[in-house]
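Student: Before accepting the words that are used for a fold, I would like to see each of them set against its criterion. Could we go through some of them together?

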Amino acid sequence: QALRDLLQRMPKAELHIHIEGSLEPELIFALAERNQVKLDYPSVEALRRAYAFTDLQSFLDIYYAGASVLLKEQDFYDMTWAYLQKARQDNVRHAEIFFDPQTHTDRGVPFEIAINGIHRALQDARAQWGMSGGLIMCFLRHLSEEDAFKTLEQAMPHLDKIIGVGLDSSERGHPPEKFARVFARCGELGLHRVAHAGEEGPPEYIRNALDILKVERIDHGVRCLEDPALTERLAREGMPLTVCPLSNIKLRVFDRNADHNLRALLDAGLAATVNSDDPAYFGGYMNDNFIAMFEALPLERRHAWQLARNSFVAAFLDEDKKKAFV
Ligand code: ADE
Ligand code: ZN
(Lines give C-alpha, C1' and ligand atoms only; values in the text may rest on other atoms or scores of the structure.)
(Ligands and ions follow the chains in the order given, each with its own letter.)
Protein backbone atom coordinates (compact mmCIF):
# COMPACT_ATOMS: atom_id res chain seq x y z
CA GLN A 1 0.00 0.00 0.00
CA ALA A 2 2.85 2.39 0.81
CA LEU A 3 4.42 1.53 -2.54
CA ARG A 4 1.11 2.10 -4.32
CA ASP A 5 0.88 5.48 -2.61
CA LEU A 6 4.34 6.39 -3.81
CA LEU A 7 3.49 5.36 -7.37
CA GLN A 8 0.36 7.48 -7.27
CA ARG A 9 1.95 10.54 -5.69
CA MET A 10 5.37 10.76 -7.31
CA PRO A 11 5.71 13.43 -10.00
CA LYS A 12 6.24 11.87 -13.43
CA ALA A 13 6.45 12.69 -17.12
CA GLU A 14 4.53 10.86 -19.79
CA LEU A 15 6.48 10.54 -23.05
CA HIS A 16 4.51 7.97 -25.06
CA ILE A 17 0.81 8.68 -25.45
CA HIS A 18 -1.04 8.72 -28.77
CA ILE A 19 -3.74 11.27 -28.20
CA GLU A 20 -6.10 9.41 -30.56
CA GLY A 21 -5.56 6.39 -28.30
CA SER A 22 -6.98 8.30 -25.34
CA LEU A 23 -10.41 8.46 -26.96
CA GLU A 24 -12.70 6.54 -24.59
CA PRO A 25 -15.67 4.63 -26.08
CA GLU A 26 -18.11 6.99 -24.33
CA LEU A 27 -16.50 10.00 -26.00
CA ILE A 28 -16.40 8.18 -29.35
CA PHE A 29 -20.17 7.74 -29.12
CA ALA A 30 -20.77 11.30 -27.92
CA LEU A 31 -18.72 12.75 -30.79
CA ALA A 32 -20.35 10.39 -33.31
CA GLU A 33 -23.72 11.76 -32.27
CA ARG A 34 -22.55 15.38 -32.23
CA ASN A 35 -21.06 15.01 -35.72
CA GLN A 36 -23.64 12.65 -37.23
CA VAL A 37 -21.00 9.99 -37.91
CA LYS A 38 -22.24 6.42 -38.26
CA LEU A 39 -20.33 3.82 -36.24
CA ASP A 40 -20.10 0.09 -36.96
CA TYR A 41 -20.93 -0.73 -33.34
CA PRO A 42 -24.41 -0.43 -31.81
CA SER A 43 -23.30 0.55 -28.30
CA VAL A 44 -20.43 1.57 -26.05
CA GLU A 45 -20.40 -1.97 -24.64
CA ALA A 46 -20.26 -3.56 -28.09
CA LEU A 47 -17.35 -1.31 -29.02
CA ARG A 48 -15.51 -2.13 -25.81
CA ARG A 49 -16.06 -5.85 -26.44
CA ALA A 50 -14.26 -5.44 -29.78
CA TYR A 51 -11.09 -4.45 -27.88
CA ALA A 52 -9.76 -8.02 -27.92
CA PHE A 53 -6.53 -7.65 -29.82
CA THR A 54 -4.23 -10.36 -31.13
CA ASP A 55 -1.41 -8.14 -32.37
CA LEU A 56 -0.57 -4.55 -33.31
CA GLN A 57 -2.50 -4.56 -36.60
CA SER A 58 -5.73 -5.84 -35.04
CA PHE A 59 -5.56 -2.89 -32.66
CA LEU A 60 -4.67 -0.30 -35.31
CA ASP A 61 -7.74 -1.23 -37.39
CA ILE A 62 -10.05 -0.36 -34.48
CA TYR A 63 -7.99 2.67 -33.42
CA TYR A 64 -8.24 4.28 -36.87
CA ALA A 65 -11.99 3.52 -36.97
CA GLY A 66 -12.43 5.22 -33.56
CA ALA A 67 -10.64 8.35 -34.79
CA SER A 68 -13.22 8.78 -37.57
CA VAL A 69 -15.52 10.72 -35.20
CA LEU A 70 -12.98 13.57 -34.91
CA LEU A 71 -14.05 16.31 -37.31
CA LYS A 72 -14.01 19.72 -35.62
CA GLU A 73 -11.35 21.59 -33.70
CA GLN A 74 -13.47 21.29 -30.56
CA ASP A 75 -13.46 17.47 -30.91
CA PHE A 76 -9.66 17.44 -30.81
CA TYR A 77 -9.74 19.84 -27.87
CA ASP A 78 -12.24 17.73 -25.91
CA MET A 79 -10.24 14.53 -26.51
CA THR A 80 -7.00 16.15 -25.39
CA TRP A 81 -8.56 17.87 -22.40
CA ALA A 82 -10.03 14.55 -21.19
CA TYR A 83 -6.58 12.97 -21.40
CA LEU A 84 -4.87 15.86 -19.59
CA GLN A 85 -7.34 15.62 -16.71
CA LYS A 86 -6.52 11.92 -16.31
CA ALA A 87 -2.81 12.68 -16.49
CA ARG A 88 -3.17 15.34 -13.80
CA GLN A 89 -4.94 12.88 -11.50
CA ASP A 90 -1.96 10.56 -11.94
CA ASN A 91 0.48 13.34 -11.02
CA VAL A 92 1.86 13.65 -14.52
CA ARG A 93 3.64 17.02 -14.50
CA HIS A 94 4.84 16.97 -18.09
CA ALA A 95 3.27 15.23 -21.11
CA GLU A 96 4.72 14.84 -24.60
CA ILE A 97 1.81 13.89 -26.79
CA PHE A 98 1.86 12.09 -30.15
CA PHE A 99 -0.68 12.81 -32.82
CA ASP A 100 -1.17 11.21 -36.23
CA PRO A 101 -2.08 14.00 -38.68
CA GLN A 102 -2.42 11.63 -41.64
CA THR A 103 -5.22 9.75 -39.88
CA HIS A 104 -7.18 13.00 -40.13
CA THR A 105 -5.96 14.65 -43.33
CA ASP A 106 -6.61 11.41 -45.26
CA ARG A 107 -10.28 11.75 -44.20
CA GLY A 108 -10.44 15.34 -45.37
CA VAL A 109 -9.97 16.94 -41.95
CA PRO A 110 -7.51 19.83 -42.37
CA PHE A 111 -4.17 19.61 -40.58
CA GLU A 112 -4.78 22.87 -38.70
CA ILE A 113 -8.10 21.68 -37.27
CA ALA A 114 -6.35 18.76 -35.56
CA ILE A 115 -3.26 20.57 -34.36
CA ASN A 116 -5.04 23.69 -33.16
CA GLY A 117 -7.53 21.74 -31.04
CA ILE A 118 -4.83 19.62 -29.40
CA HIS A 119 -2.50 22.58 -28.89
CA ARG A 120 -5.17 24.76 -27.28
CA ALA A 121 -5.85 22.05 -24.67
CA LEU A 122 -2.13 21.85 -23.88
CA GLN A 123 -2.01 25.62 -23.46
CA ASP A 124 -4.99 25.55 -21.09
CA ALA A 125 -3.35 22.82 -18.96
CA ARG A 126 -0.23 24.95 -18.69
CA ALA A 127 -2.19 28.09 -17.79
CA GLN A 128 -4.56 26.44 -15.31
CA TRP A 129 -2.38 23.80 -13.63
CA GLY A 130 1.20 24.59 -14.60
CA MET A 131 1.41 21.28 -16.42
CA SER A 132 3.98 21.47 -19.19
CA GLY A 133 3.80 19.57 -22.43
CA GLY A 134 4.69 19.30 -26.06
CA LEU A 135 3.34 17.89 -29.26
CA ILE A 136 5.13 15.27 -31.38
CA MET A 137 3.86 14.72 -34.91
CA CYS A 138 4.04 11.08 -36.01
CA PHE A 139 4.34 9.85 -39.56
CA LEU A 140 2.38 6.69 -40.34
CA ARG A 141 4.97 4.16 -41.43
CA HIS A 142 2.53 2.04 -43.47
CA LEU A 143 2.25 5.05 -45.82
CA SER A 144 5.03 6.26 -48.12
CA GLU A 145 7.88 8.61 -47.36
CA GLU A 146 6.43 10.91 -50.01
CA ASP A 147 3.23 11.12 -47.95
CA ALA A 148 5.33 11.93 -44.89
CA PHE A 149 6.97 14.78 -46.82
CA LYS A 150 3.51 16.13 -47.74
CA THR A 151 2.56 16.05 -44.08
CA LEU A 152 5.75 17.89 -43.13
CA GLU A 153 4.85 20.52 -45.74
CA GLN A 154 1.44 20.99 -44.08
CA ALA A 155 3.15 21.26 -40.70
CA MET A 156 5.50 24.06 -41.77
CA PRO A 157 3.23 26.97 -40.69
CA HIS A 158 2.74 25.24 -37.31
CA LEU A 159 6.30 24.34 -36.33
CA ASP A 160 6.02 26.58 -33.26
CA LYS A 161 3.44 24.13 -31.90
CA ILE A 162 5.53 20.98 -32.52
CA ILE A 163 8.59 19.87 -30.54
CA GLY A 164 9.42 16.83 -32.62
CA VAL A 165 8.49 14.05 -34.99
CA GLY A 166 7.90 10.34 -34.48
CA LEU A 167 7.16 7.21 -36.46
CA ASP A 168 4.25 4.89 -35.65
CA SER A 169 1.63 2.47 -37.04
CA SER A 170 2.40 -1.01 -38.51
CA GLU A 171 6.02 -1.78 -37.69
CA ARG A 172 6.86 -5.04 -39.43
CA GLY A 173 7.73 -4.55 -43.09
CA HIS A 174 8.12 -0.79 -42.62
CA PRO A 175 11.67 -0.36 -41.31
CA PRO A 176 13.10 2.97 -40.15
CA GLU A 177 15.27 3.40 -43.26
CA LYS A 178 12.08 3.90 -45.31
CA PHE A 179 11.94 7.37 -43.70
CA ALA A 180 15.62 8.33 -43.80
CA ARG A 181 15.20 11.45 -45.96
CA VAL A 182 12.21 12.94 -44.21
CA PHE A 183 13.81 12.45 -40.77
CA ALA A 184 17.01 14.10 -42.02
CA ARG A 185 14.94 17.09 -43.15
CA CYS A 186 13.20 17.25 -39.77
CA GLY A 187 16.60 17.28 -38.11
CA GLU A 188 17.64 20.26 -40.24
CA LEU A 189 14.47 22.01 -39.10
CA GLY A 190 15.56 21.59 -35.48
CA LEU A 191 12.87 19.09 -34.56
CA HIS A 192 13.46 16.36 -31.99
CA ARG A 193 13.26 12.85 -33.42
CA VAL A 194 11.84 9.64 -31.93
CA ALA A 195 10.55 6.41 -33.48
CA HIS A 196 8.64 3.31 -32.48
CA ALA A 197 11.08 0.41 -32.83
CA GLY A 198 11.44 -3.03 -31.33
CA GLU A 199 7.79 -3.31 -30.29
CA GLU A 200 6.90 -6.07 -32.78
CA GLY A 201 9.86 -5.45 -35.04
CA PRO A 202 13.35 -6.94 -34.56
CA PRO A 203 16.33 -5.38 -32.74
CA GLU A 204 17.73 -4.36 -36.13
CA TYR A 205 14.91 -1.77 -36.38
CA ILE A 206 16.15 -0.21 -33.13
CA ARG A 207 19.69 -0.02 -34.44
CA ASN A 208 18.53 1.55 -37.72
CA ALA A 209 16.33 4.06 -35.91
CA LEU A 210 19.46 5.20 -34.04
CA ASP A 211 21.94 5.11 -36.93
CA ILE A 212 19.74 6.22 -39.82
CA LEU A 213 16.95 8.29 -38.27
CA LYS A 214 19.21 9.69 -35.50
CA VAL A 215 16.46 9.39 -32.92
CA GLU A 216 16.91 10.67 -29.35
CA ARG A 217 14.54 8.14 -27.79
CA ILE A 218 13.24 4.72 -28.77
CA ASP A 219 9.50 4.19 -28.35
CA HIS A 220 8.92 0.71 -26.85
CA GLY A 221 12.29 -0.90 -27.68
CA VAL A 222 11.51 -3.88 -25.45
CA ARG A 223 12.88 -6.39 -27.96
CA CYS A 224 16.40 -4.92 -27.56
CA LEU A 225 17.18 -7.59 -24.95
CA GLU A 226 17.31 -10.19 -27.74
CA ASP A 227 20.55 -8.53 -28.86
CA PRO A 228 23.20 -8.20 -26.13
CA ALA A 229 25.47 -5.90 -28.14
CA LEU A 230 22.58 -3.54 -28.84
CA THR A 231 21.49 -3.64 -25.20
CA GLU A 232 25.00 -2.72 -24.11
CA ARG A 233 25.06 0.17 -26.58
CA LEU A 234 21.67 1.53 -25.45
CA ALA A 235 22.83 1.40 -21.83
CA ARG A 236 26.15 3.09 -22.59
CA GLU A 237 24.46 5.88 -24.56
CA GLY A 238 21.76 6.34 -21.93
CA MET A 239 19.21 6.01 -24.71
CA PRO A 240 15.71 6.35 -23.25
CA LEU A 241 13.13 3.66 -23.95
CA THR A 242 9.48 4.70 -23.61
CA VAL A 243 8.03 1.40 -22.46
CA CYS A 244 4.25 0.84 -22.41
CA PRO A 245 3.54 -2.19 -20.21
CA LEU A 246 -0.23 -2.64 -20.57
CA SER A 247 0.02 -2.05 -24.32
CA ASN A 248 2.61 -4.83 -24.59
CA ILE A 249 0.30 -7.23 -22.77
CA LYS A 250 -2.83 -6.30 -24.77
CA LEU A 251 -0.96 -6.58 -28.08
CA ARG A 252 0.58 -9.90 -27.01
CA VAL A 253 4.21 -8.81 -27.04
CA PHE A 254 4.25 -10.55 -23.63
CA ASP A 255 1.61 -13.01 -22.43
CA ARG A 256 1.05 -11.80 -18.87
CA ASN A 257 2.08 -8.87 -16.68
CA ALA A 258 4.47 -11.19 -14.86
CA ASP A 259 6.23 -11.94 -18.17
CA HIS A 260 7.04 -8.30 -18.93
CA ASN A 261 10.74 -7.46 -19.17
CA LEU A 262 10.61 -4.03 -17.44
CA ARG A 263 12.67 -5.22 -14.48
CA ALA A 264 15.19 -6.86 -16.84
CA LEU A 265 15.51 -3.62 -18.82
CA LEU A 266 16.31 -1.70 -15.63
CA ASP A 267 18.74 -4.39 -14.49
CA ALA A 268 20.54 -4.05 -17.83
CA GLY A 269 21.12 -0.38 -17.01
CA LEU A 270 18.68 0.93 -19.61
CA ALA A 271 16.93 4.30 -19.26
CA ALA A 272 13.44 2.79 -19.30
CA THR A 273 10.33 4.87 -18.63
CA VAL A 274 6.70 3.82 -18.07
CA ASN A 275 3.95 5.20 -20.33
CA SER A 276 0.37 4.46 -21.37
CA ASP A 277 0.54 4.38 -25.23
CA ASP A 278 -3.22 4.17 -25.98
CA PRO A 279 -4.83 4.23 -22.54
CA ALA A 280 -8.46 4.05 -23.67
CA TYR A 281 -7.74 0.82 -25.54
CA PHE A 282 -5.27 -0.95 -23.27
CA GLY A 283 -7.00 -0.72 -19.92
CA GLY A 284 -5.27 2.11 -18.14
CA TYR A 285 -3.54 5.45 -17.81
CA MET A 286 -0.09 6.18 -16.34
CA ASN A 287 -0.58 4.96 -12.81
CA ASP A 288 -2.46 1.86 -13.91
CA ASN A 289 0.65 0.95 -15.91
CA PHE A 290 2.93 1.53 -12.93
CA ILE A 291 0.70 -0.41 -10.54
CA ALA A 292 0.29 -3.37 -12.94
CA MET A 293 4.06 -3.75 -13.20
CA PHE A 294 4.81 -3.23 -9.50
CA GLU A 295 2.19 -5.82 -8.58
CA ALA A 296 3.43 -8.42 -11.06
CA LEU A 297 7.20 -7.96 -10.97
CA PRO A 298 9.84 -7.77 -8.22
CA LEU A 299 10.02 -3.97 -8.30
CA GLU A 300 10.74 -1.81 -5.26
CA ARG A 301 10.73 1.83 -4.19
CA ARG A 302 14.13 2.45 -5.74
CA HIS A 303 12.75 1.32 -9.11
CA ALA A 304 9.81 3.69 -8.77
CA TRP A 305 12.15 6.62 -8.19
CA GLN A 306 14.40 5.48 -11.02
CA LEU A 307 11.51 5.29 -13.48
CA ALA A 308 10.16 8.70 -12.48
CA ARG A 309 13.61 10.24 -12.70
CA ASN A 310 14.25 8.60 -16.09
CA SER A 311 11.04 10.15 -17.42
CA PHE A 312 12.21 13.71 -16.68
CA VAL A 313 15.77 13.08 -17.86
CA ALA A 314 14.40 11.72 -21.16
CA ALA A 315 11.90 14.56 -21.62
CA PHE A 316 12.47 17.33 -24.15
CA LEU A 317 12.64 19.94 -21.40
CA ASP A 318 15.18 22.72 -20.80
CA GLU A 319 17.94 21.65 -18.44
CA ASP A 320 16.78 24.13 -15.74
CA LYS A 321 13.21 22.85 -15.90
CA LYS A 322 14.50 19.28 -15.60
CA LYS A 323 16.49 20.23 -12.52
CA ALA A 324 13.27 21.10 -10.74
CA PHE A 325 12.25 17.44 -10.98
CA VAL A 326 15.37 15.24 -10.88
N1 ADE B 1 -0.25 3.91 -32.98
C2 ADE B 1 -0.90 3.99 -31.80
N3 ADE B 1 -0.38 3.14 -30.91
C4 ADE B 1 0.65 2.51 -31.53
C5 ADE B 1 1.59 1.52 -31.15
N6 ADE B 1 1.61 0.99 -29.92
N7 ADE B 1 2.48 1.09 -32.05
C8 ADE B 1 2.48 1.60 -33.29
N9 ADE B 1 1.63 2.53 -33.71
C10 ADE B 1 0.71 2.98 -32.83
ZN1 ZN C 1 2.91 3.92 -29.35
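Student: Why are α8 and α9 called roughly parallel to each other?

Tutor: In this predicted model, helix α8 (residues 145–155) and helix α9 (residues 180–188) pack at an angle of about 25°, with their axes 8 Å apart. Angles under 35 degrees count as roughly parallel, and therefore the two helices α8 and α9 receive that description.

Student: Which residues make the contact of α8 with α9, and how do they divide by class?

Tutor: On the side of α8 the contact is made by E145, A148, F149 and L152, and on the side of α9 by R181, V182, R185 and C186. Divided by class, these residues are 5 nonpolar, no polar and 3 charged.

Student: What makes L230 a buried residue?

Tutor: The cut-off for buried is 20 or more other C-beta atoms within 10 Å, and L230, with 20 such atoms, is therefore buried. L230 lies in helix α11 (residues 228–237), and, leaving aside neighbours within four places in sequence, L230 is in contact with P203, I206, R207 and C224.

Student: How far is L230 from P245 in space?

Tutor: Their C-alpha atoms are separated by 21 Å, the two residues being 15 residues apart along the chain.

Student: How do you know whether H119 is buried or exposed?

Tutor: The same kind of count settles the matter: H119 has 24 other C-beta atoms within 10 Å, and since buried requires 20 or more, H119 is therefore classed as buried. H119 belongs to helix α7 (residues 111–129); once its neighbours within four places in sequence are left aside, its contacts are L135 and K161. With L135, which is 16 residues away along the chain, the C-alpha separation is 7.5 Å.

Student: Why does Q36 count as buried or exposed, and what is notable about its phi?

Tutor: Q36 has 8 C-beta neighbours inside 10 Å, and because exposed means 12 or fewer, Q36 counts as exposed. Q36 sits in the loop between α2 (25–35) and α3 (44–49), and its phi is near 55°, a positive value in a residue other than glycine. Most residues other than glycine have a negative phi.

Student: R252 also has a positive phi; why is R252 called partly exposed?

Tutor: R252 has 14 C-beta neighbours inside 10 Å, and because this count falls between the limits of 12 or fewer for exposed and 20 or more for buried, R252 counts as partly exposed. The phi of R252 is about 65° although R252 is not a glycine, and R252 is found in the loop between α12 (245–250) and α13 (262–267).

Student: What makes D318 count as exposed?

Tutor: The 10 C-beta neighbours of D318 inside 10 Å are set against a limit of 12 or fewer, and so D318 counts as exposed. D318 is in the loop between α16 (301–314) and α17 (319–323); D318 and T242 are 76 residues apart in sequence and 19 Å apart in space, C-alpha to C-alpha.

Student: Which residues have the most contacts inside the largest nonpolar core?

Tutor: They are I97, F99, I118 and A209, in a core of 91 residues. Not counting residues up to four places away in sequence, I97 touches I17, I19, I118, G133, L135 and I136.

Definitions and conventions:
Residues are numbered from 1 along each chain as its sequence is written. Chains are lettered from A and ligands numbered from 1 in the order in which they are written. This is a predicted model: local features need pLDDT of at least 70, side-chain atom pairs count only at pLDDT 80 or more; totals for chains, interfaces and linings use all residues. A nonpolar core is a set of buried Ala, Val, Leu, Ile, Met, Phe, Trp, Tyr and Cys residues joined through C-beta atoms within 7 Å. Two residues are in contact if their C-beta atoms, placed from the backbone, lie within 7 Å. Axes are lines fitted to C-alpha atoms, for helices over the stretch in contact, and angles run from 0 to 180 degrees between N-to-C directions. Helices (H or I, at least four residues) and strands (E, at least two) are DSSP runs, numbered from the N terminus. Angles under 35 degrees count as roughly parallel, over 145 as roughly antiparallel, 65 to 115 as roughly perpendicular and the rest as oblique. Ala, Val, Leu, Ile, Met, Phe, Trp, Tyr, Cys and Pro count as nonpolar, Asp, Glu, Lys and Arg as charged, and the others, Gly among them, as polar.
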